[in-house]
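The exercises below treat how two chains meet and how charged side chains pair within and between them. Each task is followed by a solution that goes step by step.

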Amino acid sequence: MNTKYFTMKNAILSSILSLFVWMSSCEKDPTPVGETAQFNLKFKTLFNGEPLIFNKAYTYQNTPFMVSKLQFYISNIELTEENDSPDKPEIVTEIGDVVLIDLEDVNSDSLSAIQGKTLTFENIPVGTYNGVGFGVGVYQELNRQIPSDFSSSHPLSSSGNYWENWNSYIFVKLEGRIDTNGDGEFNEGMLYHLGTDNLFSPISIKDGNIELVENGQATKSLVLELEKIFNNGDSSIDINTEFFTHTNPNEPGQLNLSTKFMTNFIDAISVE
Amino acid sequence: MICLLIVFGACKDDKQDPKVEGDLTDVLYAPVPYVPEIPASFPPLEVPEDNPLTEEGVQLGRRLFYDPILSADQTVSCASCHPIFSSFADPTRFSFGVNGTQGNRQGMALINAGFYQNGLFWDGRVMTLEEQALLPVEDPLELHEDWDNVVEKIKNHPDYPERFRKAFGIENVNDITKELAVKAIAQFERIIISGGNSKYDQVLRNEAFFTEEELNGFDMFFDISADIPDAECGHCHNGPLLSTNEYFNNGLDNITDLENFPDKGRGLVTQRLFDNGKFRAPTLRNIQMTPPYMHDGRFSTLEEVIEHYNSGGHYAPNLDPLIRPLGLTEQEKSDLVAFLKTLTDTNFLNNPDLSNPF
């Protein structure tokens, strides 16, 4: 457009033009607008095969403990699709940017704990997907943002979930209390706060068909098994001594414990 | 165009002679948007769509805030318990409301309350400032007045009806409601903003330097270095508002059972046993100005507060894991206090819109 002063006619013309451009670009899209479906991602937290209840006494390797908080971010949430020819890369459909999964509401009583926490993603193009992927934590680019950048309804707006020293969101919080001396009181606070870009951990779950038909929905149910966070071969955690970390990079012990925890956390997630 | 003129003309005729009793339409309604000064580091100020900030609304709210007209015997105003000189916090442990009735919680600082989106009061029982402002008037421990009476007093006041017209465009005195009154008060509260010019803010912007003591306190508060103890404070009091606004049991009460807290706090709101004894972690901005401390004002000095945290608090099954014996030396304790004092920003005292208008 070479005139700087828009008359009414020009403005209408240009908006018709842009509408046209927009429509034609839509047409090139393999999935025309309209054919969408809903995808649900479900998380259930278990301890020894039973739904985990917050503030309930459990025993792990003879040490009594209880969980009062479990929350984590997932980001870069996507569905994957096989390409026609196997040597071409998979087709990736981004379905969500970042979600904070706070299990307080679902894990406070056994009825809702059995149901688990369900995240819904709407307007997902229909198709046959072979897997779902996401990263535990906040991916690097997004992790450069700070809570003040967001309004209060955004999952990244809470200063309680950010730690300025690391320039990072707190990817995972597991908190509770633990009885390390067997006197019946949960004498020590248990706290694992994981963060920093290095601990961002992608997971890809490819266990076959996620069939999304128009206006339909499909659900992938995942479980997180708490005991596997502690018990995982070489990176096992001795909760009697290793019960506190802020992932403080200045304290190698904390960083080491958090790294183990994140490795185990990823391994503890599987398809139900 | 002509039709429009006719319609306008008709309107005018209606309202003139004989004038409806209580008519306010002669007063110009042309509200001017109020743009508060917000420190750069702060999160966005979220204002309800149906209560935008206007000069007229803020000034009306300011008057209502300072005016004992809201109380039963015309002796107590919001400002009685939230005076400006102490960062709008109550300098008295449990203030006396009307008739000398004594409360059971300490009146918190109102600075930056417009930024808190995770519940107000020590227990988070209301979500918005509009909702909040309805409560003190009828609370027998506070203003102990009936809203109907307050509204009646406002309607018969020589000055307020016009101000309600200017702020909200009402056409008649009888359109004054408690809902409009609390909207105005909430507008005033949203402009009570403090921060950005404390020594702490200046240091973060490289415009000033901490003393050695302050720096040491800062390092402990925010868990900066491996060589000195971690005081854990910054995990609950952080960000530009120096508050997560989350609810914790920070170990104040020695109880044998979660049912036994003298004040159940958050548990009263959520009805969850494990929330008993939890309170909102409040802002530490201007903390030097706002003794006494804690929901029940049990500590009169910052030294006592630090002593409490250093002790690790009292055990309870819901004691927060961050509350544990800190093992600080006398020097380290006083360094923490030195740091807390860098959070003071008295600039708001110079904001002409915040002071007593009467």
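**Exercise 1.** Determine how many residues each chain brings to the contact between chain B and chain A, and how much area is buried there.

*Solution.* Counting residues in contact (heavy atoms within 4.5 Å), one finds 31 residues from chain B and 33 residues from chain A. The model is a predicted one, in which local features need pLDDT of at least 70 and side-chain atom pairs count only at pLDDT 80 or more, whereas totals for chains, interfaces and linings use all residues. Residues are numbered from 1 along each chain as its sequence is written, chains are lettered from A in the order in which they are written, and side-chain values use heavy atoms, with hydrogens and water left out.

Next comes the buried area, that is, the accessible area (1.4 Å probe) that two parts lose on being put together, summed over both; between chain B and chain A this is about 2,400 Å², with carbon and sulfur atoms giving 49%. On the side of chain B, 25% of the area buried against chain A comes from B:Arg272, B:Tyr315 and B:Pro321, more than from any other three residues.

**Exercise 2.** Find which residues form the salt bridge across the interface of chain B and chain A, and explain why the pair joins two chains.

*Solution.* A salt bridge is taken as a side-chain nitrogen of Lys or Arg within 4 Å of a carboxyl oxygen of Asp or Glu, and across this interface the rule finds 1. The partners are B:Arg272 and A:Glu104, whose closest N and O atoms are 2.9 Å apart. B:Arg272 lies in the loop between helix H10 (266-270) and strand E2 (279-280) of chain B, while A:Glu104 lies in the loop between strand E5 (91-102) and helix H2 (110-115) of chain A, so the pair joins two chains (helices, H or I, of at least four residues and strands, E, of at least two are DSSP runs, numbered from the N terminus).

For accessibility, buried means under 20% relative accessible area, exposed over 50%, and partly exposed in between (1.4 Å probe, protein chains only); B:Arg272, at 28%, is partly exposed, and A:Glu104, at 27%, is partly exposed.

**Exercise 3.** Decide whether B:Arg105 and B:Asp123 are buried or exposed, and state which network holds them.

*Solution.* The two residues form a salt bridge with their closest N and O atoms 2.9 Å apart. B:Arg105 is buried at 18% relative accessible area, and B:Asp123 is buried at 2%. Finally, salt bridges link B:Arg105, B:Asp123, B:Arg125 and B:Asp263 in a network.
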